[in-house]
Amino acid sequence: MINVAVLGYGTVGSGVVEVIEKNKEEINKKSGESLNIKYILDLRDFPGDPYESKVVHDVEVIMNDPEVNVICETMGGIHPAYEFSKRALLLGKSVCTSNKELVANYGPELLRLARENKCNYLFEASVGGGIPIIRPINYSLTAEKIDGITGILNGTTNYILSKMALEGADFEDVLEEAQEKGYAERNPEADVEGYDACRKIAILSSLMTGKNVKYEDIYTEGITKITATDFIYAKALGRSIKLLAMSRECEDGSFYAMVAPFMIPMSHPLYSVTGVFNAVFVHGNMLGDSMYYGKGAGKLPTASAVVSDVVDCARHIGKTIMCFWDDEDVRQTKVDNIKHRFFVRTKADLEKAAIDIFGMMRVVVADVEGEYAFITEEMSEKEFEDKAEKLGCVLNRIRLEA
């Protein structure tokens, strides 16, 4: 029997218990062992809950019980989740987590501790919720040199942008509606400013490179400056606007990662990813392109991913599942050097100045008065910023993804 303790009985934690109990027969068959929820750690009591007898308030009960094999860390935040996870691994207890913030900050250290103590630190649910992506990168694509990952990694921003495209609505109005429906937090900063997607692409980039990609070094731009007018132009171009998180290995062997809104064409596989759905687009040097799609958040999809890690731990008691993510920080190319084409909006009376400054361009015609819009030739971020400064008025600019 594999005894499991769940740390945090909130949305994801209660989902983990529900998935294990509802799918017990299937899970036990696939794990080769019987899984048992022995403890649930929370500061609160849950009178009337079917599992109230399993609730404990002191983590020492769990840490001091040698029968606990696997811990599901679903508390969120860094502290005390980090301390609890570290201690569990030092005791040889495997840890499965949905905590992207913790993984992005301490992934290499916790993986090393798992190796040293012949247990596992697994985090499938930390990126993409219920979408299997960590496991494919670690297992299924081991014959590949992965040189590019592009993803829609945040359901809240994808929902907002999808509604803006469909209804021609403004950002603030759609955000308010998303909050009312529970798709956005009361404080949506982590989502709409791109921070959530940044941590997720840092994790994926670390697995792609095998070295540590610090999320603090990733250029991050959110969606708060995207307007209904931008979507009028996007429609005229046959494109959509998505918040993309990407990491790429360049031809010279350098590496960069970024999070920003992009205009993508109908031919792009991520074009049709709408609403709260997420998708991850992976390029390998032999396989080429592959895409992983599904619900990127939510109680049961995320819990399902956590439980899949629990099953993996049950199959590997006393053995460490290999995960290549070293302590050494990867060297990122400065974003100034990265090249894109840019969609640009400026005032109509600056048309001549825009032509003089930017040179070759594609004019974008749409039903918008008082503006001149165009698409630049490919140029570096630094070159674009210098030209935009000379122009003096850029109402908005959005990068283009081919």
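Here's a quick briefing on the empty spaces and the cysteines in this structure. Keep in mind that the model is predicted. A search of the whole structure turns up one cavity of 30 Å³ or more, and the largest pocket comes in at about 1,200 Å³. As for disulfides, the count is zero.

**The cavity**

- Rolling a probe the size of a water molecule over the atoms is what reveals leftover empty space.
- The largest cavity has a volume of about 180 Å³.
- Its lining is made up of 19 residues, and the ones nearest the centre of the cavity are Tyr121, Leu122, Asn138, Ile321 and Cys323.
- Four elements give two or more residues each to this lining: helix H5 (100-116), strand S6 (121-122), helix H6 (134-140) and helix H12 (299-315).
- H6 has the largest share of the cavity lining, at four residues.
- Sorted by class, the cavity lining holds eleven nonpolar, three polar and five charged residues.

**The pocket**

- Which residues sit nearest the centre of the largest pocket? They are Lys100, Glu185, Asp196, Ala297 and Gly298, out of 42 that line the pocket.
- Plenty of helices chip in: helix H1 (11-22), H5, helix H7 (155-167), helix H9 (189-192), helix H10 (195-209) and H12 each bring at least two residues to the pocket lining.
- H10 gives the most here, with four residues.
- By class, the pocket lining has twelve nonpolar, 20 polar and ten charged residues.
- H5 and H12 turn up in both places, as each gives two or more residues to the cavity lining and at least two to the pocket lining.

**The cysteines**

- A disulfide is a covalent bond joining the sulfur atoms of two cysteines, and the count for this model is zero.
- Cys119 is in no disulfide, and the nearest cysteine sulfur, that of Cys313, is 8.4 Å away.
- Is Cys119 buried or exposed? Cys119 is buried, because its relative accessible area is 2%, and the cut-off for buried is under 20%.
- Cys313 is in no disulfide either; for this residue the nearest cysteine sulfur is that of Cys96, 3.7 Å away.
- That 3.7 Å doesn't make a disulfide, because the two sulfur atoms would have to be within 2.5 Å.
- Cys313 also counts as buried, with 1% relative accessibility.

Terms used:
Residues numbered from 1 in each chain as written. Predicted model: local features only at pLDDT ≥ 70, side-chain atom pairs only at ≥ 80, totals over all residues. Heavy atoms only, no water. 1 Å grid on protein atoms, 1.4 Å probe; cavity = no way out; pocket = protein on both sides within 12 Å on 5 of 7 lines; lining within 4 Å. Points joined across faces, edges and corners; volume = space filled by probe spheres on them. Nonpolar A, V, L, I, M, F, W, Y, C, P; charged D, E, K, R; others polar. Buried < 20%, exposed > 50% of the residue type's maximum accessible area, 1.4 Å probe, protein only.
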